[in-house]
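Could you walk me through this one? I'd like to start with a helix, then look at the whole chain and a few single residues.

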Amino acid sequence: MAGAVVRTPELTIGALGVLVTAAFAWVPSLWYDEAATVTSAQRTWAQLWAELHNVDAVHGLYYSLMHVWFWLVGYTPFTLRFPSALAVGVAAGLVVALGRRLGGRRLGITAGLVFLALPRVQWAGSEGRPYATITTLAVCLTLVGLTAVRRTRTGRSLHWWLAYGALALVAVTFNVYLSLAVVAHAVTLLWTIAVRRLEVRRATVHRTPTLPGAPLVTGGVLLRWAVASAIAAVAVSPVVVTIASQSKQVSWIAGIGERTGAQVFATAWFGAVDVYAAVAWTLMVLGVVVVLVEAHRRSPSVRALVRAQAVRVAVPLVVIPTAALVLATAMGKHLYSPKYATLSLPFVALLIALALTLIRPKALLAGAVAVVLVLSVPTAIAVKEPLAKQDSTWARAASIIETERSANRVDADEGVVFGSVYGHPGTTADIIRVSYPEAFAGMTDLGVRKVGAETGVLWNQTGDLATTIPSRLDDIDTVWFVGGTVKARNIEPETASVLAEHGFTAKEHWTTGTVVITEFVRR
C-alpha cells in the first residue's frame, strides 16, 4: 500500500478524498441553499432557463450539471452531495500534481493530505452546492496555466494557451469569482518577471553569474496570458452582465464589521476553529518566509528556487480573492462571505505543506502530517452530524410526518398548508417538501397560489388562505400545517381558523428545532 501511494499519489489521495467526504454525507439535514439546488436541478430545461433569467444565474452551469446528474441517478440527499465529494477527490489529486510540479513528490503528497484535512474542504465536500467544484477548477486552471508557461519556452504552447482560455471561460461561467484566480495568475507572472530582473541586477552589481537558462516568464508569456484571458473575458461577458443584474440576491451579505476579521482568520478556510486557524496561519507565514529567505541567498540551491516559485504561485491565489472581496465590501458592494473564499483552499494547503516539508527526516514529517490529520477529525465528524447544516431539522420534520402518515392511515386523502420558514419569511415550508418529497407524497397543497417552477422563481407562493383552502378541501380528511417558529411569518392561526369553519380540529402538534407541525383532522 505504501508503494502504491508513492507511485500514484494523485490517484491514491484523490480516492481517499472521495471516500472521506462521501461517507455519511446523507446524514445531515438539508438546508436552504441545498434546497435551492434541488428545486432548480429538477425543473425542465425551459423552466430552469426562465428561472436563471430572474435569479441564481451565478449558479446556472452548476444547476444544469446537477439536472443531468439527477436525470441519471435520481435525487436523494446522498446523490445531491456526492458530486461535491467527487470534486474534492479530483481537487486533492490535482493539488498533489501541483505540489509535485512545484516542489517534488514530498511537497505534493503533503499538500494533498493537508488539503483533505482542511475543515472547509470537509464542509464543501458534503455540501450540495458548487463550492467543492470551484476548488477543483481553481487548481486545474492553475496547473494548465503553469504548463502553458513552461511549454512557451519550447515553442509548443499554443494548444495549452487555448486550453487555458477555454478553461477560464468555463470556470468563470461556473462561478464568476473564479475570475479572481485568473487575476492572481497575472500577479504570479509579474512577480516572477520582477524576481528575475532583480536577480540580473544583483548579479551585475556584485559581478556574480546569473542563473543559467532562459527566464521562466518573459514578456511573450505575459502577452499570451493576456490574449487568452481577454478572449475568455469577452466570451463570458454576457453571463457576467446577467449575474451583475441579479446582485440583489446577495443583499443578505453584511458589510465590514466586527465579525469580518474572524471570518477571514478562522471561518473561510478553517471552519471557525480558532486553534486550527492559529496553527495553520503560523505554518503558512513560516513556510513563505523561510522559502523566500533561502531563495534570496547569494547562492541558492535549485530546490530553494523551485520552492520559491511555489510561493509565487500560491500566495496571490490565497491573498487576492479574499482581499478583492473584502475591499469591494468595504466600498459598499457587499460581496464577501467566507464560503466565497473556497477557491483559495488548494493554495492554502500548498503553503502549509511548504512549512511542513521543512521538517527532516521523513519520519518526523509523517508525524507532523499525522497531527494535522488528527486535528481535522473533530471537524470531519461535526460536518456529518444530523444538525450540521445551520441546525436544520427538516429531515426530522419530514420523518415525523412520514411516520405518522404510515402508522395511522392507509390511502387517506390529505392536504398540507405551508407556512413560512424560520429565517426566510418570503419562503414557504414547501422547501421541506422539495428536500424530502417522500414524506409529502400524495398530499394536496391547499395554500399555494403561484408555483415557482411555472413563474421563473425559486419558491412557491401562498395565496389567500380563506379562498384557496376551502376550494381544495373536497374529500380531504386530514390537513397538515408545516411552518417555522417565532421569527417566521406565522399563518398557523389563520389556517386553523379557516379549517375550523369547515369542521377540522387540531389533533396533534410537534416542534422540532425551528419547524412546527400540526395535524388537523375532520371532526
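The bend at a residue is the angle between two axes, one fitted to the seven residues ending there and one to the seven starting there. Helices here are DSSP runs of H or I with at least four residues, strands are E runs of at least two, and the numbering goes from the N terminus. With that in hand, look at α17: there is a kink of about 35° at Ser376, shortly before the proline Pro378. One caution about the source: this is a predicted model, so local features need pLDDT of at least 70 and side-chain atom pairs count only at pLDDT 80 or more, while totals for chains, interfaces and linings use all residues. Residues are numbered from 1 along each chain as its sequence is written, and side-chain values use heavy atoms, with hydrogens and water left out.

Back to α17. The helix has 21 residues and reaches 31 Å from first C-alpha to last, close to the 30 Å expected; the expected span is 1.5 Å times one less than the number of residues. Ser376, where the kink lies, is also one of the buried residues of α17, along with Leu365, Ala368, Val369, Val372, Thr379 and Ala380. Buried means under 20% relative accessible area, exposed means over 50%, and partly exposed is in between (1.4 Å probe, protein chains only). What do those buried residues pack against? Their partners are α7 (105–117), α8 (119–125), α14 (274–295) and α16 (345–356).

Both flanks of α17 deserve a stop. In the loop between α16 and α17 sits Pro361, and a cis peptide bond with omega of about -5° joins Arg360 to Pro361. On the other side, the loop between α17 (362–382) and α18 (394–408) holds Lys389. Is Lys389 buried or exposed? Lys389 counts as buried because its relative accessibility is 4%. Beyond its neighbours within four places in sequence, Lys389 is in contact (heavy atoms within 4.5 Å) with Pro28, Ser29, Trp31, Glu34, Arg81, Trp123, Ser126 and Glu127.

Val434, in helix α19 (residues 430–435), also reaches back to low residue numbers. Setting aside residues up to four places away in sequence, Val434 touches Ala35, Val38, Thr39 and Tyr75. The C-alpha atoms of Val434 and Val38 are 7.0 Å apart, though 396 residues separate the two along the chain. Val434 has a relative accessible area of 8%, so it is buried.

Now zoom out. The chain has 22 helices and nine strands, and its C-alpha atoms fill a box of roughly 100 × 50 × 45 Å along the principal axes. Of its 523 residues, 52% count as buried. Take contacts between residues at least 6 apart in sequence: 76% of them join residues at least 24 apart.

A few backbone details round off the tour. Helix α15 (residues 302–330) has 29 residues, so at 1.5 Å a residue it should span 42 Å, and its end C-alpha atoms are indeed 42 Å apart. Just after α15, Gly332 takes a positive phi of about 105°. Which residues other than glycine do this too? Phe24, in the loop between α2 (9–22) and α3 (32–41), has a positive phi of about 60°. Ala272, in the loop between α13 (258–270) and α14, has phi near 65°. Ala272 counts as partly exposed because its relative accessible area is 46%.
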